[in-house]
Amino acid sequence: VSEKDQEIFIRYKTHLLRSMGLCVSIFLSDTLSKGELMFCLELLAIAFFRVPTICGFLLDSADVQKAKPAEGKDSTSNEKLHAHSLTPAVMETFKHFQNEEKDSDRQHQAFFDDNPSLFEWTIWSQGGDDKSITASLTDVKLKLSQPENFFRFVSFIICHVCKVAVGEIRFGLVPGYWTLVRSVLERVSDLKASDYSEPIIQCITDLLQNKKLLCFFSQTLLHSTDSLNPNEVDISLNLLDEWFLVVAPDMADPLPGNMCFETLFDALSILLQSNHYQVLLKALTFMYMHSGRVYGKVRTKLCSLFLEKHFRSLFLHWHPEVRLMFHRILIYRLNRLGIKSESTDKGSDKKGPSRSFEHHLRNSVQKVLDFDTTGNSFNAGGGEGGKSKMSIGETMRMQKKIVEDPDLKNCACVFTPLNNSQLEVDIKLHDLLYSRLKELQGPKRMNVQGNPVRILTNEMDLQMYLPTAMFEFKNCARSYVRLQESVSDLQPYEVITPEYHFDISITL
């Protein structure tokens with residue numbers, strides 16, 4: 001090290017230690033504004049890396065026992081999305097994940113050489129100035145261990161790393177990283193969704209720069225959510241929505257491979273059984289927005305919630321908004337084949353309507369509409385019984401050039417062309433959808449005149465909601481086809497979806 005570099009180093013050290021002295025005096029004062037608090041926590045985060053003698057003291061603030069509230073815990077029982085104990089199971093999984101990451105990090109030792117600003121401050125020899133600061137660090141540590149201060153401190157640590165690190169960030173190699181993450185998980189494990197304060201949310205959002213942590217924070221949140229409390233469900237799904245956008249900004253970006261899909265789908269299944277229509281609407285909206293993030297077997301399992309376990313109750317639900325949202329999921333999210341397929345004539349560039357969706361869907365719906373619950377012809381067009389019905393294709397051709405239609409605004413191409421395995425999955429899902437629509441007809445028998453009469457499996461719900469639900473579903477399918485036809489350069493197996501901003505908030 002040259003004399004000039006040594007001089008710069010000593011000057012920087014002097015200024016940093018003086019700033020640290022000011023920081024400690026402000027931080028420990030009785031009257032502390034929010035701006036002063038943020039200044040102190042950011043400076044402590046910088047000193048965490050650049051003053052190695054205090055690194056251990058600051059890490060001691062991660063001790064959860066010092067952050068336990070004195071007051072007793074609310075013992076009110078509730079129906080959580082997962083009733084069994086969270087912390088042991090999640091922490092055991094986290095420990096296994098941590099060990100795997102440590103093994104992987106051993107293959108990326110170049111991260112140390114590329115980021116000297118995070119690791120090479122050990123040349124800092126302890127002097128008199130250091131000792132004057134460390135003498136007051138016990139009080140700093142106690143105050144820093146308070147929940148709100150600790151979460152903000154962790155946020156500043158992660159932000160500092162993201163700001164100064166070069167190349168791909170190996171978070172597991174950052175000093176004290178695993179200790180801090182484990183402490184955050186332990187601190188939020190007993191919190192309800194409504195207890196997540198702004199510092200907690202910001203801290204978790206910053207930690208999700210490491211996308212693989214989404215699994216653990218999602219499990220923690222879902223396990224502590226009371227499914228019988230609409231307000232908690234609302235907050236919980238809003239938080240998950242924000243976290244998904246952090247790790248996968250595009251609506252078709254896949255979620256991390258280690259995501260807790262089983263826990264997520266079990267939680268959604270519980271919500272889809274709710275008797276509260278706002279909970280149902282919130283859950284369906286969440287699934288509409290994020291169903292494009294899963295692929296392969298995971299996508300099949302998610303779609304089975306719609307098509308197998310909850311199809312009948314949602315399709316024939318008493319609330320029209322719930323039915324509409326469910327129809328949108330079936331039409332826009334379940335289908336990724338589009339209305340255009342590759343031409344059978346390899347020498348032609350023309351694309352024709354895909355019989356795999358539009359044709360079969362129209363026929364399946366029409367078969368159900370042929371007879372209503374009284375055995376009479378059901379006119380889906382809404383006109384007089386003697387008038388001919390307008391097919392989906394005819395509706396599509398008439399409205400093709402109406403570009404100012406508000407339904408055609410705010411649209412996005414969410415699903416890109418599918419590979420062979422994805423195509424196979426979606427064809428199977430469509431076949432299952434058609435069969436479920438056919439099941440809504442119920443078994444038939446012949447009356448004395450020889451005309452078919454429907455035998456209702458569930459007399460009440462089919463009598464009340466089957467004609468309306470099928471009419472709404474067919475209109476949704478028409479809108480889907482019209483929307484696809486409005487895009488002149490739509491490629492085979494591409495789907496355009498209406499990206500409405502579903503601001504569904506549960507109100508009590």
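## Helix packing and buried spots in a predicted model

Me: In this predicted model, helix H10 (residues 177-188) packs with helix H11 (residues 198-207), their axes 12 Å apart. What is the angle between them, and is that parallel or oblique?

Reply: The two axes meet at about 140°. Roughly antiparallel would need an angle over 145 degrees. H10 is therefore oblique to H11. So for the angle, about 140°, and for the class, oblique.

Me: Which residues make that contact, and what is the hand of the crossing?

Reply: H10 puts in Tyr 177, Val 181, Val 184 and Val 188, while H11 brings Ile 200, Cys 203 and Leu 207. By class that is 7 nonpolar, no polar and no charged. As for the hand, H10 passes H11 in a crossing that is left-handed.

Me: Now H16 (residues 296-309) and H18 (residues 320-333). How do they sit, parallel or oblique?

Reply: Their axes come within 11 Å and cross at roughly 140°. The crossing is left-handed. With that angle, H16 and H18 are therefore oblique.

Me: Which residues form the H16 and H18 contact, and how many of them are charged?

Reply: On the H16 side you'll find Arg 299, Phe 306 and Leu 307. H18 answers with Phe 326, Ile 329, Leu 330 and Arg 333. The split is 5 nonpolar and no polar, and the charged count is 2.

Me: What about H13 (residues 230-247) and H15 (residues 277-290): parallel or oblique?

Reply: Their axes are 10 Å apart and the packing angle is about 10°. Angles under 35 degrees count as roughly parallel. That makes H13, relative to H15, roughly parallel.

Me: Which residues hold the H13 and H15 contact, and how many are nonpolar?

Reply: From H13 come Pro 230, Val 233, Asp 234, Leu 237, Asn 238, Leu 240, Asp 241 and Phe 244. From H15 come Val 279, Lys 282, Ala 283, Phe 286 and His 290. There are 3 charged and 2 polar residues in this contact, and the nonpolar count is 8.

Me: Zooming out, how many helices and strands are there, and what share of the residues is buried?

Reply: The protein has 22 helices and 6 strands. Taking contacts with a separation of 6 or more, 78% join residues 24 or more positions apart. Of the 508 residues, the buried share is 49%.

Me: Which helix gives the largest share of the largest nonpolar core?

Reply: That core has 126 residues, and Leu 213, Trp 243, Phe 315 and Leu 330 have the most contacts inside it. The largest share is 10 residues. They come from residues 459-485, which is helix H22.

Me: Leu 330 turned up in the H18 contact. Which residues does Leu 330 touch, leaving out those up to four places away in sequence?

Reply: Leu 330 is among the residues with the most contacts inside the largest nonpolar core. Two of its partners, Phe 306 and Leu 307, belong to the H16 side of the helix contact. The full set is Phe 306, Leu 307, Phe 311, Phe 315, Asn 335, Leu 433 and Phe 473.

Me: The loop between H17 and H18 holds His 317 and His 319. Are they buried or exposed?

Reply: Buried means under 20% relative accessible area. His 317 comes in at 9%, and His 319 at 14%. Outside its sequence neighbours up to four places away, His 317 touches Tyr 277, Leu 280, Val 322, Arg 323 and Tyr 465. Both values fall below the cut-off, so His 317 and His 319 are buried.

Me: How far is His 319 from Leu 281 in space, C-alpha to C-alpha?

Reply: His 319 lies in the loop between H17 and H18. In sequence, 38 residues separate His 319 and Leu 281. In space, C-alpha to C-alpha, the distance is 9.5 Å.

Me: Lys 297 is in helix H16. Is Lys 297 buried or exposed?

Reply: Exposed means over 50% relative accessible area. Lys 297 has 77%, so Lys 297 is exposed.

Me: And Val 24, in helix H1 (residues 3-27): how far is Val 24 from Val 140 in space?

Reply: Val 24 is buried, with a relative accessible area of 7%. Val 24 and Val 140 are 116 residues apart in sequence. Their C-alpha to C-alpha distance is 7.0 Å.

Me: Last one: how many residues of helix H12 (residues 214-223) are buried?

Reply: H12 is mostly covered. Its buried residues include Phe 216, Phe 217, Gln 219 and His 223. The count is 10 of its 10 residues.

Key. Residues numbered from 1 in each chain as written. Predicted model: local features only at pLDDT ≥ 70, side-chain atom pairs only at ≥ 80, totals over all residues. Heavy atoms only, no water. Buried < 20%, exposed > 50% of the residue type's maximum accessible area, 1.4 Å probe, protein only. Helix = DSSP H or I, 4+ residues; strand = E, 2+ residues; numbered from the N terminus. Axes fitted to C-alpha atoms, helices over the stretch in contact; angles between N-to-C directions. Parallel < 35°, antiparallel > 145°, perpendicular 65-115°, else oblique. Left-handed = near helix turned anticlockwise from the far one by under 90°. Contact = heavy atoms within 4.5 Å. Nonpolar A, V, L, I, M, F, W, Y, C, P; charged D, E, K, R; others polar. Core = buried A, V, L, I, M, F, W, Y, C linked by side-chain atoms within 4.5 Å.
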